[in-house]
Amino acid sequence: MIVLKLLVCVDGSKQGWKALNKAIEIASGCSINEVTLIHVYESVEKNYWIATGEGYYPTEDDFEKLKGLQQNMAEKRKKMLDECAAKFKEKGINPNILLEEGHPSHTIARIADDGNYDMIIMGNRGLGGLKKIFLGSVSNAVIQETKASVLVVK
């Protein structure tokens with residue numbers, strides 16, 4: 001009997017839902033020790049300041065807008081994770097939930113290695129050609145950075 005500890009990466013994308021469904025299929029067919037759903041996001045504040053450019057000095061109104069944006073995004077992330085967890089619970093599997101801020105590939109690899117996960121299951125964004133070269137790929141970076149096995153679902 002196979003006993004696995006799975007780390008399932010979810011982001012709400014089409015490929016992310018495919019990966020979630022594959023993880024449910026695998027978890028339902030094996031003796032699962034632990035399933036953890038993880039969503040990693042980069043700081044809204046970091047991206048906001050990058051988008052505004054150098055030499056920009058934020059106003060008090062900017063900070064209020066950012067605070068509202070962060071709250072809205074936190075609610076959406078929580079709702080998405082709850083929806084994903086509900087899919088597992090339908091199959092009698094009660095997953096752990098992790099919501100982490102940081103660089104996605106580094107954070108996923110660190111959590112997988114620190115938690116001794118056997119397998120990471122994640123979607124493929126489907127980038128190709130020049131986009132893949134310039135933008136990189138979270139799934140490719142995770143494969144390079146972790147000791148765990150990685151299943152990339154297309």
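This report describes a long helix, the nonpolar cores and the salt bridges of the structure above.

The structure is a predicted model, in which local features need pLDDT of at least 70 and side-chain atom pairs count only at pLDDT 80 or more, while totals for chains, interfaces and linings use all residues. Residues are numbered from 1 along each chain as its sequence is written, and side-chain values use heavy atoms, with hydrogens and water left out.

**Helix α3**

Helices and strands are DSSP runs numbered from the N terminus, a helix being H or I over at least four residues and a strand E over at least two. Helix α3 covers residues 60–89, and its end C-alpha atoms lie 44 Å apart, which agrees with the 44 Å that its 30 residues should span at 1.5 Å a residue; the expected span is 1.5 Å times one less than the number of residues. Among the residues of α3 that are buried are D62, L66, R77 and F88, where buried means under 20% relative accessible area, exposed over 50%, and partly exposed in between, with a 1.4 Å probe and protein chains only.

**Nonpolar cores**

A nonpolar core is a set of buried Ala, Val, Leu, Ile, Met, Phe, Trp, Tyr and Cys residues joined through side-chain atoms within 4.5 Å. The largest one has 20 residues, of which L6, V8, L20, L37 and F88 touch the most other members. At least two residues of this core come from each of β1 (3–9), α1 (14–29), β2 (31–41) and α3, and α1 supplies the largest share, six residues. Apart from this core lies another, of twelve residues, which include C9, Y117, M122 and A148.

Leaving aside residues up to four places away in sequence, L37 touches V8, L20, L81, C84, A85, F88, P95, N96, I97 and L98, contact meaning heavy atoms within 4.5 Å.

**Salt bridges**

A salt bridge is a side-chain nitrogen of Lys or Arg within 4 Å of a carboxyl oxygen of Asp or Glu. The whole structure holds four salt bridges, and the table lists some of them.

| Pair | N to O distance |
|---|---|
| K5 and E34 | 3.7 Å |
| D82 and K78 | 2.9 Å |
| E100 and R110 | 3.9 Å |

Because K5 lies in strand β1 and E34 in strand β2, their pair ties together parts that are 29 residues apart in sequence. K5 is buried at 17% relative accessible area, whereas E34 is partly exposed at 24%. D82 and K78 are four residues apart in helix α3 and so are separated by about one helical turn.
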